Amino acid sequence: PTPSFDCAVQKMRPDGRSQASVREEVDRRLSELLQSHERQGQLIALLGDLNVTLDNALDTTRPFSGGVYEAARRRFVRLMDDCALMDVWRERNKAVRDKFTSFQQRGAGGGGPRLARVDLALVPRRLAADVVRVDILDEDGTFTTASYTQAVRSDHVPILLELRVST
């Protein structure tokens, strides 16, 4: 029988664990840490390359697929729910399709390079009103193969989150 896509994407680490099992453990530990901080009222924001697209229709030019990826995405959405986190950029840009944070050259044989919004700015819902500004800092408005291959920039662009802080 033909192996499933799930089997094909599970890379093995030197310690013998699959990349999927490592991601599952990281997500579990991250959820515990965020929930602990939130219980103490100390959770302010989670920003960075979280390697997940929350909406395949809006957040990527070519959807990620496969059981392993879908399980990771569902787990991350559950983590956001458990920690009452919101994707503040998407909340303020509900229908925007052309702003991405990552350029993926590899695996381009099946449909060209992939652009995706995998760098996220998440804040607790209780702080949503304190968000002054959130932006994807893609200065020229494009994420092109040429700019990536010429090392004009990283394969990710920065995200900016400005919060009003009360003392």
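This is a short tour of one chain, stop by stop, for use with the viewer open.

**Whole chain**

Start with everything shown. The model is predicted. Count the elements along the chain: there are five helices and seven strands. From start to end they run α-α-β-α-β-α-β-β-β-β-α-β.

Now switch on the surface. Its accessible area is about 9,700 Å², and carbon and sulfur atoms supply 53% of that. Of the 167 residues, 36% are buried. Contacts also link distant parts of the sequence. Among contacts with a separation of 6 or more, 72% join residues 24 or more positions apart.

**The three-stranded sheet**

Select β1 (46–49), β2 (85–87) and β5 (residues 119–124). Together they form an open sheet in the order β1-β5-β2, with antiparallel pairing. β1 and β2 are the edge strands, each pairing on one side only. Look at the twist: neighbouring strands are turned by 25° against each other on average, direction ignored. Strands in a sheet are joined by backbone hydrogen bonds, in a parallel or antiparallel way.

Zoom in on the pairing of β1 with β5. Four bridges hold this antiparallel pair. Which residue in β5 is the bridge partner of L46? Select L122 and you have found it.

Move to the pairing of β2 with β5. This antiparallel pair has three bridges. Here M86 stands opposite V123 of β5.

**Strand β5**

Keep β5 selected and hide its neighbours for a moment. How many of the six residues of β5 are buried? Six of the six are, so the strand is largely enclosed by the rest of the structure. To count as buried, a residue must have under 20% relative accessible area.

Colour the two faces separately. D119, A121 and V123 lie on one side. L120, L122 and P124 lie on the other. Both faces are covered. The every-second-residue pattern is a familiar one: in a regular strand, side chains alternate between the two faces of the sheet.

**Helix α3**

Next, select α3 (67–82). α3 packs on the sheet and touches β2 and β5. Its direction makes about 120° with that of β2.

Try a length check. α3 has 16 residues, and at 1.5 Å a residue they should span 22 Å. The C-alpha atoms at its ends are 22 Å apart, so the two values agree.

Now show the side chains of Y69, A72, R73, R75, F76, L79 and M80. These residues of α3 are buried. Why do they sit on the same side of α3? They cover an arc of only 165° around the axis, which puts them on one side of the helix. An α-helix has 3.6 residues a turn, so residues three or four places apart point the same way.

Add α2 (19–39) to the view. It is part of what covers the buried residues of α3, and β2 and β5 are included too.

**Two positive phi angles**

Step off the end of α3. Just after the helix, A84 takes a positive phi of about 55°. A84 is not a glycine. This residue lies in the loop between α3 and β2. Is A84 buried or partly exposed? Its relative accessible area is 31%, so A84 is partly exposed.

For the last stop, go to the loop between β1 and α3 and select N51. N51 also has a positive phi, about 50°, although it is not a glycine. At 49% relative accessibility, N51 counts as partly exposed. The cut-off for exposed is over 50%.

Notes: Residues are numbered from 1 along each chain as its sequence is written. This is a predicted model: local features need pLDDT of at least 70, side-chain atom pairs count only at pLDDT 80 or more; totals for chains, interfaces and linings use all residues. Side-chain values use heavy atoms; hydrogens and water are left out. Buried means under 20% relative accessible area, exposed over 50%, partly exposed in between (1.4 Å probe, protein chains only). Contact means heavy atoms within 4.5 Å. Accessible areas come from the Shrake-Rupley method with a 1.4 Å probe; for residues, only the protein chains shown count as cover. Two strands pair if DSSP finds at least two bridges between them. Axes are lines fitted to C-alpha atoms, for helices over the stretch in contact, and angles run from 0 to 180 degrees between N-to-C directions. The expected span of a helix is 1.5 Å times one less than its number of residues. The arc is that of the directions from the helix axis to the C-beta atoms.
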